[in-house]
Amino acid sequence: MSIVADNSLLETLVLASRQAGAEILRLVAAGFEIETKDDASPVTVCDRVAEVVILAALAKAAPGVPVIAEEEVAAGRIPAHGDTYFLVDPLDGTKEFIRGGDDYTVNIGLIVDGSPVLGVVYQPAVDRLWGGLVGQGAFVEDGSRRIAMSTRPLGQERAAVASKSHFNQATADYLAQVLGECAYVSVGSSLKFCIVAEGRADLYPRLSPTSEWDTAAGHAILLAAGGRVDGLDGTPLRYGKMAFLNRGFCATGGWEAPAIGPFMTEFGGGGDLPQGV
């Protein structure tokens, strides 16, 4: 299945993510219950309704292009797909969302030949949106303004961003070796990619498993802004892996960081098991 990854498609994803975000905010105002999925992770009606909105928008904009979406996968509905497909996380950062935090996001990414080429990340709680088309550039929308953005070169003053929920000793050891003394930003969801893409941080290492729908949109935006995302061996992180699982990765503003593989333990890496799916 082929699709043209262009600005028109990007605008469609921008609109779909905003519509999904509006539904999340509506349900938050009305109140919602928390459920537990088979993998013990939390889920809410907000996740499911946002995903329905996105699936409908993508079916209209790109008929026939498979969509691999988190809640659909959790329900056992995984479409047959080739080298081109969408990856959707309708509400990334559900744990923080349930706690009442604002750093949850709506994520839509397009994968072509194993690489993310287009992505949108929307933060409904503060009405902030990031988008990117690889080869064409990236932007951030803050209110009614759309501003072009790019990564920053690695300088003397350095900053790292890492997960609120998954920071571990291996991550601390890696940061100490790569950056030494540095500022540190802790934030949830795919916002970590966006912070590096905006040039507000230099490095985002993840030394524990994530699902591919967690990373595709932010990965695309970072690439479009001039950054890079590498897997365990220091080569570009690829998509279409077993169980849609990333064992680990390192995202930077475009400079080549040491491979994270040697810092990971077998348990921390998660193996090639369907954890998080």
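Is Cys182 buried, partly exposed or exposed, and at what relative accessibility? Cys182 counts as partly exposed because its relative accessibility is 27%, where buried means under 20% relative accessible area, exposed over 50% and partly exposed in between (1.4 Å probe, protein chains only).

A note before the views: this is a predicted model, where local features need pLDDT of at least 70 and side-chain atom pairs count only at pLDDT 80 or more, while totals for chains, interfaces and linings use all residues. Residues are numbered from 1 along each chain as its sequence is written, and side-chain values use heavy atoms, with hydrogens and water left out.

**View 1. The whole chain, for orientation.** You're looking at eight helices and 16 strands; these are DSSP runs numbered from the N terminus (helices: H or I, at least four residues; strands: E, at least two). The C-alpha trace spans about 45 × 40 × 40 Å along its principal axes. The radius of gyration is 17 Å, which agrees with the value near 19 Å for a compact globule of 277 residues; it is taken over C-alpha atoms, and the globule rule is 2.2 Å times the number of residues to the power 0.38.

**View 2. Inside and outside of the chain.** Of the 277 residues, 53% count as buried. Take contacts (heavy atoms within 4.5 Å) between residues at least 6 apart in sequence: 65% of them join residues at least 24 apart. About 11,700 Å² is exposed, with carbon and sulfur atoms supplying 52% of it; the areas come from the Shrake-Rupley method with a 1.4 Å probe.

**View 3. Cysteines without a bridge.** How many disulfides does the structure hold? Zero, going by a cut-off of 2.5 Å or less between a pair of cysteine sulfur atoms. For Cys182, the closest cysteine sulfur is in Cys250, and at 12 Å that's too far for a bond. Cys46, at 0% relative accessibility, counts as buried.

**View 4. Two positive phi values in one loop.** Most residues other than glycine have a negative phi. Ala243 goes the other way, with phi near 60°, and Phe244 has a positive phi of about 55°. Ala243 is found in the loop between β14 (228–230) and β15 (245–246), and Phe244 also has its place in the loop between β14 and β15. Which of the cover classes do they get? Ala243 is partly exposed at 22% relative accessibility, whereas Phe244 is buried at 8%.
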